[in-house]
Amino acid sequence: QSVPKSENLQAGIRTRQSDKSTATTMMLRNIPNKYTQNSLMEEIDDCGFRGTYDFFSLPMDVHNRSNVGYAFINFLHPEVASRFLAVFGEHRFQKIHSRKVSSVCCAHVQGLDENLKHFENRAVTHSRNDQYRPVVLKNGE
């Protein structure tokens, strides 16, 4: 299969950027590899986001037992997702000291239902280790 023409890619980028005001799922990048699901969720919660998201996924490298450096978080409201982008856009991680500074962008998959569909048949969803599975929270709790 061939790579799409550059103007098609640019149009897709413009469309995604214009959807920032309605986006609820964010991709947090540049996470120090020692963070676990629990420690990263605690840090996000400690920054004022407790109870504001219903989906959290921190992909893990099962061989190295460390995260792969990014996470997906779906917020209940686009305004909270925008606030998360502002707070974590250049965040210095506190729980595990690192020189890494985070960045945030809108995820390609948007919304709780679409994230659940996306992960439905993935091996990670059925992992025995619950730290490797995506987390679904009811009403953000």
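Begin by selecting F88 in this predicted model. F88 is a buried residue, as its relative accessible area is 0%. Buried means under 20% relative accessible area.

**From F88 to its aromatic partners**

Next, add F84 to the selection. F84 and F88 both belong to helix 3, which covers residues 78–88. Four residues separate them, about one turn of the helix. For F84 too, the relative accessible area is 0%, so F84 is buried. The rings of F84 and F88 make a stacked aromatic pair, with 4.7 Å from centre to centre and 20° between the planes.

Keep F84 on display and select F75. A search of the whole structure yields nine aromatic pairs. One of them joins F75 to F84: the pair is tilted, with centres 4.9 Å apart and 40° between the planes. F75 has a relative accessibility of 1% and therefore counts as buried.

Now widen the selection to F49, Y53, F56, F75, F84 and F88. These residues make up one aromatic cluster.

**Strand 1 and its neighbours**

Select residues 25–29, which form strand 1. Is strand 1 largely enclosed or largely open? Because four of its five residues are buried, strand 1 is largely enclosed by the rest of the structure.

Then display strand 5, residues 70–75, beside strand 1. The two strands run antiparallel and are joined by five bridges. To locate a facing pair of residues, select R29 and Y70: R29 stands opposite Y70 of strand 5.

Strand 6, residues 103–106, should be shown next. Strand 6 is also antiparallel to strand 1, and four bridges connect them. Here the residue opposite R29 is S103. While the strands are in view, one general point may be kept in mind: in a regular strand, side chains alternate between the two faces of the sheet.

**Two loop residues with positive phi**

Move to N30, which is located in the loop between strand 1 and helix 2 (37–49). N30 is not a glycine, yet its phi is positive, at about 70°. With a relative accessible area of 33%, N30 is partly exposed.

The final stop is R65. Which loop holds R65? The loop in question lies between strand 3 (60–61) and strand 4 (66–67). R65 is likewise a residue other than glycine with a positive phi, near 55°. Its relative accessibility is 69%, so R65 counts as exposed; the cut-off for exposed is over 50%.

Definitions and conventions:
Residues numbered from 1 in each chain as written. Predicted model: local features only at pLDDT ≥ 70, side-chain atom pairs only at ≥ 80, totals over all residues. Heavy atoms only, no water. Buried < 20%, exposed > 50% of the residue type's maximum accessible area, 1.4 Å probe, protein only. Pairing = 2+ DSSP bridges. Phe/Tyr/Trp six-rings, centres within 6.5 Å; stacked < 30°, edge-to-face > 60°.
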